[in-house]
Amino acid sequence: MSKNIIFASVIASIIFTTVLSTNISFAESNSQTEITPINNSIGLEKTTLQMQISENNKLPWGFVEGKIANHVAGHPVIIQIFDNDEIIPGNSVGAVHFAQTVVNEDGSYEYKFRVLDSNNGKITKIFDGNYTVKIFKVVYLQSNLDVI
């Protein structure tokens, strides 16, 4: 029995190491969030974070997902992706991708986007390197407010 436990532990360690070593892209947990009031009850919440797409990436899709604790129904999430190598202060040159996605009843959202494109066997990198991602959400200013 102890041989089975050791074998299972070794296999689990190999799988865990493989998963960690194939980290293709990620967004840092270091994010900045600010809220700008729209009126007395709702505001625009902007979260800014950094995303890195590895040059060794082999996966065709990336995604932005989250859950809004106090979302306002009927307002989509707006996502803006900027190439850090192309950003010029006061200019929109770094803009690479803009999108919007619906917010589910539970406040969750997800947006998928192409990272790689394959056409007749030729792979084109759509995203490669470091990016700034800005996510805009409409929220209640006081978490105890809800849709009636």
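**Local environments of Thr47, Ser108 and Asn120**

Beyond the residues up to four places away in sequence, Thr47 touches Ser31, Gln32, Thr33, Val133, Lys134, Ile135 and Lys137. The structure examined here is a predicted model. Within this model, Thr47 belongs to strand 3, which covers residues 42-53. The relative accessibility of Thr47 is 8%, and because buried means under 20%, Thr47 is classed as buried. One of the residues touched by Thr47, namely Thr33, is also joined to Thr47 through the side chains, by a polar contact of 3.2 Å.

A second buried position is provided by Ser108, with a relative accessibility of 17%. This value likewise lies under the 20% cut-off, so Ser108 counts as buried. Ser108 is situated in strand 7, which comprises residues 108-114. The side chain of Ser108 forms a polar contact of 2.6 Å with the side chain of Asp106. When neighbours within four places in sequence are set aside, the residues in contact with Ser108 are Gly66, Lys67, Val102 and Val103.

Asn120 occupies a loop rather than a strand: the loop in question links strand 8 (116-119) and strand 9 (122-125). The relative accessibility of Asn120 is 80%, and since exposed means over 50%, Asn120 is classed as exposed. The backbone of Asn120 has a positive phi of about 55°, although Asn120 is not a glycine.

In summary, Thr47 in strand 3 and Ser108 in strand 7 are buried, whereas the loop residue Asn120 is exposed.

Conventions:
Residues numbered from 1 in each chain as written. Predicted model: local features only at pLDDT ≥ 70, side-chain atom pairs only at ≥ 80, totals over all residues. Heavy atoms only, no water. Helix = DSSP H or I, 4+ residues; strand = E, 2+ residues; numbered from the N terminus. Buried < 20%, exposed > 50% of the residue type's maximum accessible area, 1.4 Å probe, protein only. Polar contact = N/O pair within 3.5 Å; in protein donor to acceptor, adjacent residues only side chain to side chain. Contact = heavy atoms within 4.5 Å.
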